[in-house]
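Work through these exercises with the sequence and the coordinates at hand. Each task is followed by a stepwise solution.

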Amino acid sequence: MWFLRGNNRRRLFSYPREYRYFSRRVVHSSRKQAVHVHAWALMANHVHLLVTPPDSDALARFVKAFAQSYALYRNKRRVATGKLFEQRYRVERIKDVDHLATTTAYIDLNPTRAGICTEPEDYPWSTYRHHSGVGEPDLAMAGVWSPSDWYLSLSSQVRGRRRAYRDLVDRYRARNDWAGVTRDPAVASDRKRVERPDRSGAG
């Protein structure tokens, strides 16, 4: 899992078109670098991604490619300069299957823990809809989603996997114990951040 935050807690996304543009850049970069993307949560001022790269160099190229292109895009739209992201992304290696399960749920529950929405399926910019089968998944990222071996092992049937995942997430929410996952300090600063309506008509 890696974690990328806006410089000085700077907002990364304000409009749906920005989430979609970022998603398209992640898709392009993941395909170019052969990085498998298992889970994500795009928050107002930080991003979580759970990925499997072929090697550490590919991971660095993967992040650099979409982070640079997105920073140029956002700064250009706002006639802004300066760094959009912090200097270095933070990486945590997945230790075992239990750690993978906890981390996946942690990422998908980021929006609810931040108080942005009540139910995880209400947030369109995470993998929860992909994993649970509840709600319409983000089409911009759908083509790059690569379910982890752990997720696929939940059931031999798609409906069974989705049901098992929903049950697992419910248990994690009830327990609310994330000691096995690195806590990100940016969650609190995402609370009550409201996505601005996109009045430009741009996609």
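**Exercise 1. Determine what share of the protein is buried, and describe its surface and contacts.**

Step 1. In this predicted model, 50% of the 203 residues are buried.
Step 2. The accessible surface comes to about 10200 Å². Carbon and sulfur atoms hold 48% of that surface.
Step 3. Take the contacts with a separation of 6 or more: 74% of them join residues 24 or more positions apart.

**Exercise 2. List the secondary structure elements in order.**

Step 1. Count them: nine helices and four strands.
Step 2. Read from the N terminus: β-α-β-β-α-β-α-α-α-α-α-α-α.

**Exercise 3. Find the largest nonpolar core and the elements that build it.**

Step 1. The largest nonpolar core has 46 residues.
Step 2. The residues with the most contacts inside this core are F13, F22, L42, L49, F62, F66 and L168.
Step 3. Two or more core residues come from each of α1 (16-33), β2 (36-42), β3 (46-52), α2 (56-77), α3 (97-108), α7 (149-152) and α8 (158-175).
Step 4. The top contributor is α2, with seven residues.
Step 5. For context, nonpolar side chains tend to be buried together in soluble globular proteins.

**Exercise 4. Characterize the surroundings of R129.**

Step 1. Locate R129: helix α5, residues 128-132.
Step 2. R129 is buried.
Step 3. Test for a salt bridge. The nearest side chain of opposite charge, D122, is 5.9 Å away. The cut-off is 4 Å, so R129 has no salt bridge.
Step 4. Look for a polar partner. A polar atom of the R129 side chain lies 2.7 Å from the backbone oxygen of E136.
Step 5. Leave out residues up to four places away in sequence. R129 then touches E121, D122, Y123, P124, V134, G135, E136 and P137.

Terms used:
Residues numbered from 1 in each chain as written. Predicted model: local features only at pLDDT ≥ 70, side-chain atom pairs only at ≥ 80, totals over all residues. Heavy atoms only, no water. Buried < 20%, exposed > 50% of the residue type's maximum accessible area, 1.4 Å probe, protein only. Contact = heavy atoms within 4.5 Å. Areas by Shrake-Rupley, 256 points an atom, 1.4 Å probe, with all protein chains shown as cover. Lys, Arg positive; Asp, Glu negative; His and termini not counted. Polar contact = N/O pair within 3.5 Å; in protein donor to acceptor, adjacent residues only side chain to side chain. Core = buried A, V, L, I, M, F, W, Y, C linked by side-chain atoms within 4.5 Å.
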